[in-house]
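Please read these notes with the structure open beside you. Find each named residue as you go.

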2 protein chains.
Amino acid sequence: MLIIDCHGHYTTAPAKLQQFRDQQIARLGDPGLPLPKLASISDDQIRESIELNQLKLQRARGADLTIFSPRASAMAHHIGDEATSQAWTRACNDLIKRVVDLYPANFVGVCQLPQSPGIPIANSVGELERCVEELGFIGCNLNPDPSGGHWTAPPLIDKHWYPFYEKMVELDVPAMIHVSSSCNPNFHATGAHYINADTTAFMQFIEGDLFRDFQTLRFIIPHGGGAVPYHWGRYRGLADMLKRPALSGHVMKNVFFDTCVYHQPGIDLLVKVIDVDNILFGSEMVGAVRGIDPETGHYFDDTKRYIDALAIPAADKRRIFELNARRVFPRLDRVLKARGL
Amino acid sequence: MLIIDCHGHYTTAPAKLQQFRDQQIARLGDPGLPLPKLASISDDQIRESIELNQLKLQRARGADLTIFSPRASAMAHHIGDEATSQAWTRACNDLIKRVVDLYPANFVGVCQLPQSPGIPIANSVGELERCVEELGFIGCNLNPDPSGGHWTAPPLIDKHWYPFYEKMVELDVPAMIHVSSSCNPNFHATGAHYINADTTAFMQFIEGDLFRDFQTLRFIIPHGGGAVPYHWGRYRGLADMLKRPALSGHVMKNVFFDTCVYHQPGIDLLVKVIDVDNILFGSEMVGAVRGIDPETGHYFDDTKRYIDALAIPAADKRRIFELNARRVFPRLDRVLKARGL
């Protein structure tokens, strides 16, 4: 059995990446400044940033492969304009590609998108194509709120998003629905905005008929599906009240939850109420919560332990750890098969 | 043991109340129209609206008393201006008072507030005083987002809210944190906005030091605390990362969750991770989810069944059903004691 972590971010990139971003932001305040260029980052600098962090933890925790994307909180699509987002996104994605090339057995790429508030999502199609077809990435992170906590974009079921979904279907890649940092002081990024976005997206899918229009479109809702599994009765009941079809056919053929829930009772609930075929192992490490749980003595985000502890058949654990990810990310499955895995 | 439902709304008020609201809204579009007046509602009309709904279900499900407030989704503080909100709020609260007077053994009042976007919360102090001191209400519903899904107010830990908290402390009444309908198409009211607000408020409390400034201030976060219990590890870990005190002392002496979670596994989780002293029985009936769960054959919102089914000591169930509500709502305790209960 392979252990595939579907949710890892490059939160530990060399400082030059942030320097580039700082220069971008400085230029927003002073357009006379030159267009910034990302300073050269050596392979050794990348190796150090990975080997002391994600790779060390991957090995220590017994995972094999991480589906790896740029730092989600740093996407910050609300900063600057579309050109800002395009340049930043390209730099972040190119760095993921370098990690994957250095550690092809341990990481596979998922891309950030050059979204920007008020800009058609069709403008993100080119970067998706580049990342999938040229860089070998297997999916993308789609931000339902490029405004960063003001929620000014149309809901995900709106036709606004359809040009992008058409390309996702054509390339056969899924998207993780993932907001970025919040510039609304009401919403702490990882404590409120992330979880709210997960919950919001799921409810939008109930309200719409997106998966009738795109039967093979696939989304991962991270952080264990936000509030959804805990309120599974509410969502079943709301679908019924709104005269929507049962969730199993209406939403759950296309929507998957990861296991970024940082305590055993939460994972127990997730696996109890959500079909095991809809659950993908994920940890979000090194990410939102980096400490050690004093109640267990283990890292909060060492989510493999919680799944290991579940009293479910080994075949079901293999679905969560490996097979569901291979089904949701067909391009990953092809890569692994080509390696004899 | 008394069974006290801490979360009921008058969602079934006689049609004249909505007609008044419709006239208010019509006048917003045509200021030449006369100021609307609520048409006379007879006691029999109120009796019918209650006896066929909340009272019938209260009896059928075996609850004794409902802490009763105006329909939350209809508060809609974002409609019109402060005068609109003041008139609407007064009408809604006065109707709650009439229900309580007709059925004093079955209902006790909690008030809506005349909030309005951009208006100081101090302007809601008068209505809170009127409802508590003149009408005998025991608490209020506080909307953290009077904009209805645009989240333009300061966070609940901001000094903006302090004049209201001072009055709550002085009157010794708690607030349920409860948003209203959403005018942001991203957020379905009961499926996203409500749950997001619950999660958001809790994270704000972690970020701030509100309960150092107001040690006896008490909030109920409804809908089982939003996403919080499911992500309890995340919140414990975030408090640690943000160098905040442990949640038990920092937040949980002042914050309580109701049991509006509409399936057994959700309630099981709630009671497993949250101290039983922080849980108040609530159903939100007749409210967000009105149907029958095909998996159980019972109403989704018949939350008493889920608590009855818990394998916890009878003394803990009494805390959830009665004693915690009497502690969080001291004015309720006084009323009950005066009745020899």
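The numbered points below go from the pair of chains to single elements and residues.

1. **The pair.** Keep in mind that this is a predicted model. Chain B superposes on chain A after a rotation of 180 degrees, with 0.0 Å of shift along the axis. The RMSD of that fit is 0.0 Å. The two copies are thus related as by a two-fold rotation axis. Which residue of chain B comes closest to the rotation axis? It is Ala227(B), whose C-alpha lies at 2.1 Å.

2. **The shared surface.** Look at where the chains meet. Of the interface residues of chain B, 100% are also interface residues in chain A, so the copies meet through the same surface.

3. **The sheet in chain A.** Three strands form an open sheet in the order E1-E2-E3 of chain A, and the pairing is parallel. Strand E1 (4-10) and strand E3 (107-109) of chain A are the edge strands, each pairing on one side only. On average, neighbouring strands of this sheet are turned by 35 degrees against each other, direction ignored. In general, strands of a sheet pair through backbone hydrogen bonds, either parallel or antiparallel.

4. **One pairing in detail.** How many bridges join E1(A) to strand E2 (residues 65-70) of chain A? There are five, and the two strands run parallel. Find Gly8(A) first. Its bridge partner in E2(A) is Phe68(A). Next, find the helix on this sheet. H4(A) lies across E1, E2 and E3 of chain A, and runs at about 160 degrees to E2(A).

5. **Two helices in chain A.** Two packed helices are described by the angle between their axes and the distance between the axes. Try this on helix H2 (residues 43-51) and helix H4 (residues 82-102) of chain A, which pack at an angle of about 80 degrees with their axes 10 Å apart. Angles of 65 to 115 degrees count as roughly perpendicular. H2(A) and H4(A) are therefore roughly perpendicular to each other. H2(A) contributes Asp43(A), Ile46(A), Arg47(A) and Ile50(A) to the contact, while H4(A) contributes Leu95(A), Arg98(A), Val99(A) and Leu102(A). By class, the contact has five nonpolar, no polar and three charged residues.

6. **Helix H5 of chain A.** This helix spans residues 125-134, and its buried residues include Val125(A), Glu127(A), Leu128(A), Arg130(A), Cys131(A) and Val132(A). What do the buried residues of H5(A) pack against? They pack against H4, strand E4 (140-142), helix H6 (162-171) and helix H14 (330-338) of chain A. Just past the helix, check the backbone. H5(A) is followed by Gly136(A), whose phi is positive, near 80 degrees.

7. **A glutamine that touches the other chain.** Gln204(A) sits in helix H7 (residues 189-207) of chain A. Is Gln204(A) buried or exposed? Buried means under 20% relative accessible area. Gln204(A) has 2%, so it is buried. Leaving aside neighbours within four places in sequence, Gln204(A) is in contact with Pro155(A), Leu156(A), Ile157(A) and Asn186(B). Note the chain letter of Asn186(B) in that list.

8. **The sheet in chain B.** Now switch chains. Chain B has an open sheet of three strands in the order E1-E2-E3, with parallel pairing. Strand E1 (4-10) and E3 of chain B stand at the edges with a single partner strand each, so one side of each is left without a neighbour in the sheet. E1(B) and E2(B) pair in the parallel sense over five bridges. Within that pair, His9(B) stands opposite Ser69(B) in E2(B). E1(B) is mostly covered, as seven of its seven residues are buried.

9. **The other side of E2 in chain B.** Strand E2 (residues 65-70) and E3 of chain B run parallel, joined by three bridges. Here Thr66(B) stands opposite Phe107(B) in E3(B). Helix H14 (residues 330-338) of chain B packs on the sheet and touches E1, E2 and E3 of chain B. Its direction makes about 135 degrees with that of E2(B).

10. **A buried serine.** Where is Ser124(B)? It lies in the loop between strand E3 (107-109) and helix H5 (125-134) of chain B. At 1% relative accessibility, Ser124(B) counts as buried. Not counting residues up to four places away in sequence, Ser124(B) touches Leu113(B), Pro114(B), Gln115(B) and Phe164(B).

Technical notes
Residues numbered from 1 in each chain as written. Chains lettered and ligands numbered in written order. Predicted model: local features only at pLDDT ≥ 70, side-chain atom pairs only at ≥ 80, totals over all residues. Heavy atoms only, no water. Least-squares fit on C-alpha atoms with pLDDT ≥ 70 in both. Contact = heavy atoms within 4.5 Å. Helix = DSSP H or I, 4+ residues; strand = E, 2+ residues; numbered from the N terminus. Buried < 20%, exposed > 50% of the residue type's maximum accessible area, 1.4 Å probe, protein only. Axes fitted to C-alpha atoms, helices over the stretch in contact; angles between N-to-C directions. Parallel < 35°, antiparallel > 145°, perpendicular 65-115°, else oblique. Nonpolar A, V, L, I, M, F, W, Y, C, P; charged D, E, K, R; others polar. Pairing = 2+ DSSP bridges.
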